[in-house]
Amino acid sequence: MTYVWTDVLLLAKLAERPWHGYELRKQIEESSGRTLSNNSLYPALRRFAEAGAVTRTAEPQEGRPPRHVYTITDVGRELLHDLLADLPPELAGDPAEFLARLAGFGRLTPEERLRVLDARQTAVAAQRDRLAKLGAGQADPWSRLVLAEVQRRAENEQDWLASLRTRAG
């Protein structure tokens, strides 16, 4: 499965202003709580540059090699919007994918926000139902306890998603 959350967060940060790689990684980590490795960051930036979504400019530094500053383009802004507005079923069950899009809801129309929330709601409901079936058939009391807790968390998320719907519309 290909994860998109890193692309969403990278482009969203670049939509704020140009950044060099280290600053960009640090900003993403500080704003999302997610760790982003250089092995994820730089290949994504290279891919974006090849696609015309970002430009890379060398900025001279005294006594050191130049550092590269990345700037989003109109193509990148369009790509960011498309990524934010789409939460396909195969990604909707991943909390990181949903939260990356939720953080960018300010860039979406109310209808687009509701579609993303619907996708997540469907995935969480399916997870909750699956966990209920597993728990009912589980003989081990500790496993039943774990499944019940994960199901409870899914139910709490469903309540949270319902509250987000009122703000998103």
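E149 is partly exposed, with 27% of relative accessible area, and it makes a good starting point for a walk through this predicted model. Its partner is R152: the two form a salt bridge in which the closest N and O atoms are 2.4 Å apart. R152 is partly exposed as well, at 37% relative accessibility. Both residues sit in helix α8, with their positions 3 residues apart in sequence, about one turn of the helix. The pair does not stand alone, for E149, R152 and R153 are linked in a network of salt bridges.

Let's step back for a moment. Side chains of opposite charge can pair when their charged atoms come close. In this structure there are 10 salt bridges, and two further ones are worth following from helix to helix.

Take D118 and R165, whose side chains meet in a salt bridge at 2.5 Å, N to O. D118 belongs to helix α7 (residues 110–136) and R165 to helix α8 (residues 141–168), so this pair ties together parts that lie 47 residues apart in sequence. How accessible are these two partners, D118 and R165? D118 is partly exposed, its relative accessible area being 36%, and R165 also counts as partly exposed, at 34%.

Now turn to E157 and R120. Their side chains meet in a salt bridge too, at 2.7 Å from N to O. Here again distant parts of the chain are linked: E157 is in helix α8 and R120 in helix α7, 37 residues apart. Are E157 and R120 buried or exposed? Both are buried, whereas D118 is partly exposed.

That brings us to helix α7 itself, home to D118 and R120. α7 has 27 residues, and from its first C-alpha to its last it reaches 39 Å, close to the 39 Å expected at 1.5 Å a residue. Looking along the helix, you will find R120 listed among its buried residues, together with others including E112, R113, V116, L117 and A119. Further along, A123, V124, A125, R128, L131 and G135 are buried too.

What do the buried residues of α7 pack against? They pack against α4 (74–85), α5 (89–92), α6 (95–103) and α8. With α8 we are back at the helix where we began, the one that holds E149 and R152. Between α7 and α8, then, you can trace both the packing of buried residues and the salt bridges of D118 with R165 and of E157 with R120.

Notes: Residues are numbered from 1 along each chain as its sequence is written. This is a predicted model: local features need pLDDT of at least 70, side-chain atom pairs count only at pLDDT 80 or more; totals for chains, interfaces and linings use all residues. Side-chain values use heavy atoms; hydrogens and water are left out. A salt bridge is a side-chain nitrogen of Lys or Arg within 4 Å of a carboxyl oxygen of Asp or Glu. Helices (H or I, at least four residues) and strands (E, at least two) are DSSP runs, numbered from the N terminus. Buried means under 20% relative accessible area, exposed over 50%, partly exposed in between (1.4 Å probe, protein chains only). The expected span of a helix is 1.5 Å times one less than its number of residues. Contact means heavy atoms within 4.5 Å.
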